[in-house]
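Visitor: I am new to this structure. Could you take me through it?

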Amino acid sequence: MITLLKTFISAALAGLLGLDAVQAGQFLFSRPAFVGPVLGWLNGCPLEGARLGILLELLYIDFIPVGGVVPPNGTAAAAVGVLAHSAGGLPPSLSFFIGIAAGAAYAPLESVLRASRSRLNTLVEAQVSSGDFSLRRWLARAMLVENAAMGAYVLALTGLAALLGLLPGLAWLYPGADFAYSLIPWLGLSGLYFRFRAQIYKKG
Amino acid sequence: MLFSMFLRSFFIQAGWNYERFQNLGFAFSLQPALEKIYPDREKYKTALLRHLQIFNTQPYMASFVLGNIIRMEERAAVDGGAELKTLPGVKQALASSFASIGDRIFWGRLKPMTAQICLLVWAACGFYGWLFTGMNEDVPVGLLLAGPLAGIAVYSVFSLYIRWKGLVDGYACGGANNCALDSANWPRLIRLLSAAGFAMSLAIVLLSFALLAVFNCVSCRPGDVLLKLGLPAAVLALHRVLRALGRSVFFTAGLLLIISVLLFSALKLEPFRLYL
């Protein structure tokens, strides 16, 4: 019961922190490096949360949100990764790879949400034309929808991860997943190194 | 007025949409100033509708455009609207220029640097658990949070400064096509950040390999040490090659998972750790 409650709180918190990525603030509280240890702490596994978070961060910094591109979502990745481990009972290695997939799969949903906000333009213009100048409630509504979508998504994916954990014979995967997970820090470091190396040695 | 706009600019992307991008947040940020400039409700309405049109730039750099536009609106209110003829062009030109600068500074450099700062803080405090995934240590939660928070603090100080400076500088020189583009030596700043980022990357990679060597040196079996230093180097090389072929980092991660599952789950090879 406590695990369920913590999972609900964590999903809601992920939704709230997720707003920081695009809609409110952009202080980087939505980054996996922060979401991971916070949710890990809340769910009794701060070390695994921090580890999952920073490793996801190292892979996710490869994606840049320029020109309206919707990159894979790091908040969803970290939240689902941590909760798949703490609530779903999966090992950190498998939770990490589930987190990667969850973050990548959230991008199309985010695109749909952004597309759905286009219709607000006509509504807002009509409202302003009629003499009501309040824009605050439209922005609040947009953020509320995004928050709810992220929370529901994290909950749904955590539920799926928990169901996956019940599959008989899943332990067969663990040695391979554990070994791949042990190589991920090096993959992340590689991304970090080559990102800046390319900037330094770029001609022109 | 400027402070109220500064606070509202944190929500410039709250209504981001594919049709007009940041228009809702931009108009929302301008509202306190427009209200003051146009006490007449009809003029205020026209001004607000004017800024509900398409707008897109880098969110932190938007404040340069906000400041500029407010100064132009102030002049337009005095000169009867002549200034408004050039307003859309100036707005568009500045949005594009500042987007290009902001993307390079914030997304391309400062954001990855927050992860580097996090790793360096952890390393300075003796926590290496992120590098050795099977290692279970007793680490204080404060330290685990201190790493990412240090990165966020550095990033936020810089982004808040730029947001405020943009608003003030943009307001000071409003109306010009190149307004505030010279308020900093952007190319120099970009080069400096690249150099700092590269130096930190290099330090972290070298430290990681040194740690791996130290952890494995205990066994003093050359074959073991070579394998365990060679594997991470092979991962770096694999990523480099796949990156050159246009594959994302997720592809490389997936490939590592598939190969590992084949070797250690399907073929049942004896799994080993990268450290002793």
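Visitor: Among contacts in chain A between residues at least 6 apart in sequence, what share join residues at least 24 apart?
Guide: This is a predicted model. Counting contacts in chain A between residues at least 6 apart in sequence, the share that join residues at least 24 apart is 72%.

Visitor: How many helices does chain A have?
Guide: Along the sequence, chain A reads α-α-α-α-α-α-α-α. Strands number 0 in chain A, and the count of helices is 8.

Visitor: What percentage of the residues of chain A count as buried?
Guide: The C-alpha atoms of chain A fill a box of roughly 65 × 60 × 25 Å along the principal axes. A residue is buried if 20 or more other C-beta atoms lie within 10 Å of its own. Of the 204 residues of chain A, the part that counts as buried is 57%.

Visitor: Which helix gives the largest share of the largest nonpolar core?
Guide: That core has 133 residues, and A:Ala79, A:Val80 and A:Val154 have the most contacts inside it. The largest share of this core is 14 residues, and they come from chain B, helix H5 (residues 87–124).

Visitor: Which residues does A:Ala79 touch, leaving out those up to four places away in sequence?
Guide: A:Ala79 is among the residues with the most contacts inside the largest nonpolar core. Leaving out residues up to four places away in sequence, A:Ala79 touches A:Ser10, A:Ala11, A:Ala14, A:Val35, A:Leu39 and A:Val154.

Visitor: Which helix supplies the largest share of the side of chain B that touches chain A?
Guide: The contact takes 75 residues from chain B and 73 residues from chain A. On the side of chain B, these divide into 44 nonpolar, 22 polar and 9 charged. The largest share there, 11 residues, comes from H9(B).

Definitions and conventions: Residues numbered from 1 in each chain as written. Chains lettered and ligands numbered in written order. Predicted model: local features only at pLDDT ≥ 70, side-chain atom pairs only at ≥ 80, totals over all residues. Core = buried A, V, L, I, M, F, W, Y, C linked by C-beta atoms within 7 Å. Buried ≥ 20, exposed ≤ 12 C-beta atoms within 10 Å, placed from the backbone. Helix = DSSP H or I, 4+ residues; strand = E, 2+ residues; numbered from the N terminus. Contact = placed C-beta atoms within 7 Å. Nonpolar A, V, L, I, M, F, W, Y, C, P; charged D, E, K, R; others polar.
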